[in-house]
Amino acid sequence: AEAWRVVDRGYADRTFNGADWFALRQQGVKAKLSSDAEAYDAIRAMLTPLGDKYTRFLTPAQFESVESVARGGVVGVGIELAPL
């Protein structure tokens, strides 16, 4: 329900692209989830009907990776190897 609330508060298209947004919430609340992976899949399934290529769910590890790159936390020497 928390993911639903975040999207409900911040999503710009108040028609939710024609998706029955409240029915999607009910499906999510009724789902019996036994792992983080199942919860992540349920959130992705909730977002899919929005049909918005800019709205997506990132796991905490994926978010950390994106955030690290954005703040310049990536470390390396920048070498690319090519076959001879």
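Let me start with one side chain on the screen, that of Arg25, whose charged end sits over the ring of Trp4, 5.5 Å from the centre of that ring. Please keep in mind throughout that what we are looking at is a predicted model.

Trp4 is a useful place to begin, since the residue also belongs to an aromatic cluster, which Trp4 forms together with Tyr11, Phe16, Trp21 and Phe22. A search of the whole structure finds 5 aromatic pairs, and I will take you through two of them. For Tyr11 and Phe16, the ring centres are 5.6 Å apart and the planes meet at 10°, so this pair counts as stacked. The rings of Phe16 and Trp21 are likewise described as stacked, because their centres are 4.8 Å apart and their planes are at 5°. As for burial, Tyr11 has a relative accessible area of 12%, which makes Tyr11 buried, while Phe16, at 5%, is also counted as buried, and Trp21 is buried as well.

That brings me to the core. In soluble globular proteins, nonpolar side chains tend to be buried together. Here the largest nonpolar core has 11 residues, and among them are Trp4, Tyr11, Phe16 and Trp21, along with Ala19, Leu24 and Leu50. Three helices each give two or more residues to this core, namely α1, covering residues 2-10, α2, covering 21-30, and α3, covering 36-47. The helix that gives the most is α3, with 3 residues.

Let us look at α1 more carefully. Which residues of α1 are buried? They are Trp4, Val7 and Asp8, and they cover an arc of only 100° around the axis, which means that they lie on the same side of α1. The face turned away from that buried side carries the exposed residues Glu2, Val6, Arg9 and Gly10. An α-helix has 3.6 residues a turn, so residues three or four places apart point the same way. What covers the buried residues of α1 includes both α2 and α3.

Now for α3, where the length can be checked first: at 1.5 Å a residue, its 12 residues should span 16 Å, and the C-alpha atoms at its ends are 17 Å apart, which agrees. Its buried residues are Ile43, Met46 and Leu47, and, seen down the helix axis, these fall within an arc of 95°, so they line one face of α3. The cover over them includes α1 and α2.

Two of these residues deserve a closer look. Leaving aside neighbours within four places in sequence, Met46 is in contact with Ala3, Trp4, Trp21 and Leu24. Leu47, which also lies in α3, is buried with a relative accessible area of 10%, and, with the same sequence neighbours set aside, Leu47 is in contact with Val7, Thr55, Arg56 and Phe57. Leu47 and Phe57 are 10 residues apart in sequence, and their C-alpha atoms are 7.9 Å apart in space.

Finally, let me turn to another part of the chain. Is Phe63 buried or partly exposed? Phe63, which is found in helix α4, residues 60-70, counts as partly exposed, because its relative accessibility is 44%. Between Phe63 and Ile79, which are 16 residues apart along the chain, the C-alpha separation is 25 Å.

Technical notes. Residues numbered from 1 in each chain as written. Predicted model: local features only at pLDDT ≥ 70, side-chain atom pairs only at ≥ 80, totals over all residues. Heavy atoms only, no water. Core = buried A, V, L, I, M, F, W, Y, C linked by side-chain atoms within 4.5 Å. Buried < 20%, exposed > 50% of the residue type's maximum accessible area, 1.4 Å probe, protein only. Helix = DSSP H or I, 4+ residues; strand = E, 2+ residues; numbered from the N terminus. Contact = heavy atoms within 4.5 Å. Phe/Tyr/Trp six-rings, centres within 6.5 Å; stacked < 30°, edge-to-face > 60°. Lys NZ or Arg CZ within 6 Å of the ring centre and 35° of its normal. Arc of directions from axis to C-beta. Expected span 1.5 Å × (residues − 1).
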